[in-house]
Amino acid sequence: MFSKDLFGERLREYRKKSGEKQDDLACILEVGKSHISEMERGNRTTTAEKIAAICEHYQVSANYLLGLSDDPTLR
């Protein structure tokens, strides 16, 4: 089941693991830094297009990011 909180935690985990700042990811997604902050805190989601971009950027599955799977590998 989808959880905004889990999505935010996993997004933050991958962003930090890659050594990026919120500003860096915001630039990649063409959104404001506050959008990234809100997503990471579980207060906001984003479009399917931006989720796809996040998955491609971090090489992680959408199902994992969205909390639908515990397997982060792309398939």
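**Helix packing, aromatic pairs and salt bridges in a predicted model**

User: In this predicted model, at what angle do α1 and α4 pack, and how far apart are their axes?

Analyst: Two packed helices are described by the angle between their axes and the distance between the axes. For α1 and α4, the axes lie 11 Å apart and the packing angle is about 35°.

User: Is the crossing of α1 and α4 left-handed or right-handed?

Analyst: The handedness depends on which way the near helix is turned from the far one, and an anticlockwise turn by less than a right angle counts as left-handed. The crossing in which α1 passes α4 is left-handed.

User: Which residues of α4 meet Phe7, Leu11, Tyr14 and Arg15 of α1?

Analyst: Contact here requires heavy atoms within 4.5 Å. On the α1 side, the residues concerned are Phe7, Leu11, Tyr14 and Arg15. Their partners in α4 are Ile51, Ile54 and Tyr58.

User: How many aromatic pairs does the structure hold, and what is the angle between the planes of phenylalanine 2 and phenylalanine 7?

Analyst: The structure holds three aromatic pairs. In the pair of phenylalanine 2 and phenylalanine 7, the ring centres are 6.5 Å apart and the arrangement is tilted. The angle between the two planes is 50°.

User: Which residue, phenylalanine 2 or phenylalanine 7, is buried?

Analyst: A residue counts as buried when its relative accessible area is under 20%. Phenylalanine 2 has 38% relative accessibility, so it counts as partly exposed. With a relative accessible area of 1%, the buried residue is phenylalanine 7.

User: How many residues apart in sequence are the parts that tyrosine 14 and tyrosine 58 tie together?

Analyst: Tyrosine 14 and tyrosine 58 form a tilted aromatic pair, with 6.2 Å from centre to centre and 50° between the planes. Because tyrosine 14 lies in helix α1 (residues 4-17) and tyrosine 58 in helix α4 (residues 48-58), the pair ties together parts of the chain whose separation in sequence is 44 residues.

User: Which residue places its charged end over the ring of tyrosine 14?

Analyst: Tyrosine 14 is buried, as is tyrosine 58, and Tyr14, Tyr58 and Tyr64 form one aromatic cluster. A charged end sits over the ring of tyrosine 14, 4.5 Å from its centre, and that charged end belongs to lysine 17.

User: Over the face of which residue does arginine 10 lie, and with which residue does arginine 10 form a salt bridge?

Analyst: Arginine 10 is 3.9 Å from the ring centre of tyrosine 64 and lies over its face. In the salt bridge of arginine 10, the closest N and O atoms are 3.0 Å apart, and the partner is aspartate 70.

User: Is aspartate 70 buried or exposed?

Analyst: The limit for an exposed residue is a relative accessible area over 50%. Arginine 10, at 8%, is buried. Aspartate 70 has a relative accessible area of 67%, and therefore is exposed.

User: How many salt bridges are there, and what is the N to O distance between arginine 41 and glutamate 38?

Analyst: Side chains of opposite charge can pair when their charged atoms come close. The count comes to five salt bridges. One of them joins the side chains of arginine 41 and glutamate 38, with an N to O distance of 2.5 Å.

User: Which residues are linked with Glu40 in a network of salt bridges?

Analyst: The side chains of glutamate 40 and arginine 12 meet in a salt bridge at 3.8 Å, N to O. This pair links helix α3 (residues 33-40), which holds glutamate 40, to helix α1, which holds arginine 12, 28 residues apart. The residues linked with Glu40 in the network are Arg12 and Arg15.

Notes. Residues numbered from 1 in each chain as written. Predicted model: local features only at pLDDT ≥ 70, side-chain atom pairs only at ≥ 80, totals over all residues. Heavy atoms only, no water. Phe/Tyr/Trp six-rings, centres within 6.5 Å; stacked < 30°, edge-to-face > 60°. Buried < 20%, exposed > 50% of the residue type's maximum accessible area, 1.4 Å probe, protein only. Helix = DSSP H or I, 4+ residues; strand = E, 2+ residues; numbered from the N terminus. Lys NZ or Arg CZ within 6 Å of the ring centre and 35° of its normal. Salt bridge = Lys/Arg side-chain N within 4 Å of Asp/Glu carboxyl O. Axes fitted to C-alpha atoms, helices over the stretch in contact; angles between N-to-C directions.
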